[in-house]
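Visitor: I am new to protein structures. Could you walk me through this one and explain the words as we go?

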Amino acid sequence: MKRILIVHYGEIGLKKANKPYFVEKLRKQLKYKLEKKFREVFSVKHVLSRFMIELPEGFVEEEYVKVVERIFGIKNFKFSFVGSVDLEKLGEQIVAELPEARPESFRVKVKRSMILDMRSIDYERELGAIVLRSGFEVAVKMKAAELIIDVELFNQDGYFSMKKYKGAGGLSANSQGKLICLMSSGIDSPVAAYMMMRRGARVIFAHFHGYPYTDKDEMEQVQELVEILSDYQFDTKLYLIPFGFIQKAIATNLEIPGKVRTVLYRRIMLKISEQISRKEKANGLVTGESFGQVASQTPQNIFAIHDAVNVPILPPLIGMDKDEVIAIAERIGTFAISKLPCKDACSSFMPKSPELKANVHELRRYEENLPLAEWMEKALSDAEVKMY
Ligand code: ATP
Ligand code: MG
């Protein structure tokens, strides 16, 4: 039987005048990701508030799930059989596709977007009766049935499937402009990037590394993380920015007390990211900061760090607990990589007891005596840019 992928969207369906904009972004993302993965042409049609994509013969469902479950804007999707709109015929077609392993309970669920002389509920009852008559000896359960035979009647066809997959939610990829994410190899920043991508931002990554003062492990970890996250958006850019020379200069500067170093490093990272955001015409920056989580994230320090730039900074994890962040990291597959121990750019030039209440005026005074403009130019011109 002919098979078709039916995709329903969530929040973007609630948009009013802007709906076509989001629908088109989602359509493009579906087409792009499927074509990139399976190397053939897909026609993605928008019909009555859902997408329909014809599936090639012999398609492997799990392979498609891996692609589609990473596309934002989707509420659910299913690999439907293209059946008849005629009740008896449709019933026979469903019977022919029933799973061999008997579930504990089942029901038929019908949704129609076409004019028919029977109500959806009558279709459900009749189709259920046909299934039972075929020798499918399984209890009918209206609530929480194990097998839900999902039927959609529209377009002069009867589409049915036995399994519905949950979509990734959020808004269509690339629908909200660009953001620059300050990306470490830690647990938090990959989750922060994921959350902003989920809201439709196109995220460009900036990682500050200590190489050659540290080994390349951290940089490699970051690249692995970015590769995982790149599945969620169109194409992905990563800036690998040398930062060790700046940390070294600050750590060996006798005028600067050890305890303010971490906050100063963060300010300079933000300043360089601000320049990238202007160059990339992005709307702002993203960090993995969470209120009070570590010494550099006391309220005073967060404000003293954010003071360094004039672009908006979005920290989507700001009000979250660590275990909530970890749960997301596990679900999206970044946790296993993030938690590998590695020497991060900051820890090698880290003070023993960091400042907990940084003073903005003091920090600005230290910066006045540093060749910041020169450092920033060098860091950016020596940065390596990778595409995924
Ligand atoms: P993460 O788990 O994201 O590393 P964290 O809990 O370790 O965060 P901090 O080390 O205080 O917290 O870092 C706060 C934020 O600063 C990070 O979430 C990230 O956005 C940014 N950041 C820290 N180190 C780097 C780096 N080497 N390159 C780019 N951004 C960084
Ligand atoms: Mg970190």
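**A guided look at the model**

Guide: Happy to! This is a predicted model. Let's start on the surface, where Leu132, Val140 and Met142 make a nonpolar patch of about 270 Å².

Visitor: Where is Met142 found?

Guide: Met142 sits in the loop between β6 (139–140) and β7 (147–154).

Visitor: Why is Met142 called exposed?

Guide: The word exposed is used for a relative accessible area over 50%. Met142 has 51%, so Met142 is exposed.

Visitor: And what about Gly91: buried or exposed?

Guide: Gly91 lies in helix α3 (residues 87–96). Buried means under 20% relative accessible area. Gly91 has 1%, so Gly91 counts as buried.

Visitor: How many of the residues in the protein are buried?

Guide: Buried residues make up 52% of the 388 residues.

Visitor: Now the helices. How are α1 and α2 placed?

Guide: The axes of helix α1 (residues 19–38) and helix α2 (residues 61–68) come within 10 Å and cross at roughly 135 degrees.

Visitor: What makes α1 oblique to α2?

Guide: Angles over 145 degrees count as roughly antiparallel, and 65 to 115 as roughly perpendicular. The angle here is roughly 135 degrees, which falls in neither range, so α1 is oblique to α2. The crossing of α1 past α2 is right-handed.

Visitor: What does the protein contain overall, in helices and strands?

Guide: There are 13 helices and 15 strands. The C-alpha trace spans about 85 × 35 × 35 Å along its principal axes. Within that trace, the C-alpha atoms of Gly91 and Lys237 are separated by 50 Å, and these residues are 146 residues apart along the chain.

Note on methods
Residues numbered from 1 in each chain as written. Chains lettered and ligands numbered in written order. Predicted model: local features only at pLDDT ≥ 70, side-chain atom pairs only at ≥ 80, totals over all residues. Heavy atoms only, no water. Patch = residues over 30% accessible without salt bridge, like charges linked within 9 Å, V, L, I, M, F, W, Y side chains within 5 Å. Areas by Shrake-Rupley, 256 points an atom, 1.4 Å probe, with all protein chains shown as cover. Salt bridge = Lys/Arg side-chain N within 4 Å of Asp/Glu carboxyl O. Helix = DSSP H or I, 4+ residues; strand = E, 2+ residues; numbered from the N terminus. Buried < 20%, exposed > 50% of the residue type's maximum accessible area, 1.4 Å probe, protein only. Axes fitted to C-alpha atoms, helices over the stretch in contact; angles between N-to-C directions. Parallel < 35°, antiparallel > 145°, perpendicular 65-115°, else oblique. Left-handed = near helix turned anticlockwise from the far one by under 90°.
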